[in-house]
Amino acid sequence: MKLSERFDRRYQQAPVATQTAPAAPAEAAPTPADGTPSIAPVERRAVPREGTTATQQVMIETPVQPAEAPTVLSPGLAAAKAEIHADLLRRHAAAIDISNRAGIRRLLTQLTEDHFRNKPPAALVTAADRERLVEILFDEVIGLGPLEAPLRDTEITEIMVNRPEQIFIERRGRIELTNLAFEDEASLRRVIDRIVSTIGRRVDESEPMCDARLKDGSRVNVVIPPVAIYGPCLTIRKFGREVLTPERIVTTGGSSEAILEYLDAAVKTRLNIIVSGGTGSGKTTLLNVLSGFIPATERIVTCEDAAELRLRQVHVISLESKPANVEGRGQITIRDLVRNALRMRPDRIIVGEVRGGEALDMLQAMNTGHDGSMSTVHANNPRDVINRLETLVLLAGTELPSRAIRGQIASAINVIVQTERLRGGGRKIVGVAEVFGLREGEIGLNELFAFRQVAVTPDGRAVGYHTATGTLSTFQDHFKANGAELPESMFEPTQQPAMEELY
């Protein structure tokens with residue numbers, strides 16, 4: 001039977017988000033013959049930067065790609081842009097309606113033509129330059145300026161603004177230095193303020209760090225001076241527009257069919273699951289996929305710092321934490337959300353990420369009738385998950401003995417799924433382990449599946465294969481009693497395939 005026939009038909013019927021017409025992607029700056037990477041974000045950076053070595057280029061793994069139309073305006077066009085922008089704000093600020101995109105574009109086109117019509121012949125520019133100037137002004141007025149192009153590029157997964165003149169992107173798991181740039185620090189600050197204000201947050205000298213999100217769900221982190229020494233830093237982790245399905249995970253080598261079949265049974269039979277891994281390893285993405293196995297008849301409550309989960313069920317309540325206001329009041333933590341979720345008659349509680357005292361409330365919820373709950377946690381392996389949860393419970397301020405905490409963890413957590421971002425950028429499920437209780441004061445783990453890395457390809461990708469460990473699941477009776485019996489053959493180890501079949 002094919003994998004697609006084993007899973008809920010919702011995945012085959014789920015609508016895929018329509019994609020915006022792709023714009024010209026941000027390309028890496030060309031590399032001169034001496035091997036020194038160059039960047040031309042503004043006029044003062046139009047020459048190779050001093051102190052940059054070929055070693056730095058290797059560290060960030062920046063492939064050389066031909067740059068398309070330059071994103072840096074000439075001094076004349078830059079001055080014209082500033083004048084047109086100022087003219088727009090002076091004459092039409094009250095009439096600007098950001099929902100009327102076509103009207104704003106027409107207005108900018110008219111202002112640009114009027115500006116150059118009144119200039120002497122020496123200042124005339126080509127039609128292509130005028131069109132590019134209108135596009136830059138349009139993105140600056142209603143969008144995120146130079147970040148609009150990488151935001152529309154579906155191959156880019158992360159945007160990292162280190163300084164106004166230095167913007168990196170992550171494309172297909174590799175970091176690239178772009179030739180994009182903000183005009184100055186004030187332009188970057190305007191974009192930052194526009195992002196955080198949409199969700200009612202602020203960032204200033206008293207609150208120099210902030211987490212926010214874009215309308216499409218992309219996660220945003222902002223750090224400004226005095227914390228950021230060299231100027232504002234902006235990091236955007238883009239939210240995938242495509243609906244990720246189990247079949248696609250298998251096709252791209254992120255997992256095996258046996259692993260996803262086991263996780264499908266674990267979710268449907270209401271085992272409590274923790275997804276662990278490092279930053280950018282795909283924890284939240286996998287949690288979204290696992291949540292798709294939950295029956296549509298159940299009531300789900302999600303608790304997150306920044307709402308990232310996109311559950312496709314109808315009966316879903318999404319809760320989001322809230323920072324304190326200027327007076328230091330009104331803060332609502334994840335722990336407050338978890339406590340409140342218990343009063344909302346949930347069948348399952350999904351916590352976006354456990355990183356504090358809410359670990360205790362989550363464990364108690366899992367132990368008191370909310371079977372099938374899920375969460376993520378930062379940890380390097382399943383054993384570290386246990387140790388980290390024990391530490392996080394202590395952050396709740398309770399004077400619980402270690403044995404009591406381990407007892408709570410052993411009875412609450414059933415399955416730990418380990419994700420990892422391997423060399424070359426590939427994100428995979430690298431381990432699945434079951435928790436089967438206390439033995440001599442230590443929590444026992446039963447590893448069922450693992451990813452065996454075999455080699456690294458010439459282009460720097462880690463490759464290997466998924467296999468079972470040969471140990472049967474301790475929940476076989478549980479699965480059978482709930483109508484999800486799994487064959488013992490799926491737990492048999494897989495022989496290492498040929499090199500050309502590794503992924």
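Reader: What do the buried residues of helix 13 pack against?

Author: They pack against strand 7, helix 12 (334–341), strand 10 (348–351), strand 11 (374–378), helix 14 (382–394) and helix 15; a contact here means heavy atoms within 4.5 Å. This is a predicted model, in which local features need pLDDT of at least 70 and side-chain atom pairs count only at pLDDT 80 or more, while totals for chains, interfaces and linings use all residues. Residues are numbered from 1 along each chain as its sequence is written, and side-chain values use heavy atoms, with hydrogens and water left out.

Reader: What makes helix 13 mostly covered?

Author: Of the nine residues in helix 13 (residues 358–366), eight are buried, where buried means under 20% relative accessible area, exposed over 50%, and partly exposed in between (1.4 Å probe, protein chains only). The buried residues are Glu358, Ala359, Leu360, Asp361, Met362, Leu363, Ala365 and Met366.

Reader: How is it known how many helices and strands the protein has?

Author: Helices (H or I, at least four residues) and strands (E, at least two) are DSSP runs, numbered from the N terminus. The protein has 16 helices and 15 strands.

Reader: Why is Arg190 called partly exposed?

Author: Its relative accessibility is 39%, which lies between the limits for buried and exposed, so Arg190 is placed in the middle class. Arg190 belongs to helix 8 (residues 185–197). Its C-alpha atom is separated by 9.3 Å from that of Glu140, although the two residues are 50 apart along the chain.

Reader: Why do Cys210 and Cys303 count as buried?

Author: Cys210 has a relative accessible area of 7%, and Cys303 has 0%. Both values fall under the limit for burial, and therefore both cysteines are called buried.

Reader: How many disulfides does a search of the whole structure find?

Author: The search finds zero disulfides, the criterion being a pair of cysteine sulfur atoms within 2.5 Å. It follows that no pair of cysteine sulfur atoms in the model meets that limit.

Reader: What makes strand 2 and strand 3 a pair?

Author: Two strands pair if DSSP finds at least two bridges between them. Strand 2 (residues 166–171) and strand 3 (residues 174–177) have four, in the antiparallel sense, so the criterion is met. Glu170 has Ile175 of strand 3 as its bridge partner. The two strands form a hairpin with two residues between them, and Arg172 in the turn has a positive phi of about 55°.

Reader: How do strand 1 and strand 2 satisfy the same criterion?

Author: Six bridges link them in the antiparallel sense, and they too form a hairpin with two residues between the strands. Ile159 is bridged to Ile169 in strand 2 and to Ile236 in strand 6. Strand 1 (residues 156–163) is also joined to strand 6 (residues 233–237) by four antiparallel bridges, and Glu158 is partnered there by Arg237.

Reader: Which strands stand at the edges of the six-stranded sheet, and why?

Author: The sheet is open, with the order 3-2-1-6-5-4 and antiparallel pairing. Strand 3 and strand 4 (209–213) each have a single partner strand, so one side of each lacks a neighbour in the sheet. The twist averages 15° from one strand to the next. Helix 8 lies across strand 1, strand 4, strand 5 (219–223) and strand 6, at about 60° to strand 4; such angles run from 0 to 180 degrees between N-to-C directions, with axes fitted to C-alpha atoms, for helices over the stretch in contact.

Reader: What is the pairing in the nine-stranded sheet?

Author: The pairing is mixed, in an open sheet with the order 9-8-10-11-7-12-13-14-15. Strand 9 (316–320) and strand 15 (462–468) are at the edges, because each has a single partner strand. Neighbouring strands are turned by 25° against each other on average, direction ignored. Strand 7 (residues 273–277) and strand 12 (residues 415–421) run parallel, joined by four bridges; Ile273 is partnered by Val415. Helix 15 (residues 402–412) lies across strand 13 (427–439) and strand 14 (442–456), at about 120° to strand 13.

Reader: Where does pLDDT stay under 50?

Author: It does so over residues 6–70, pLDDT being the predictor's confidence in each residue, from 0 to 100. For the protein, the mean is 81, and 83% of residues reach 70 or more.
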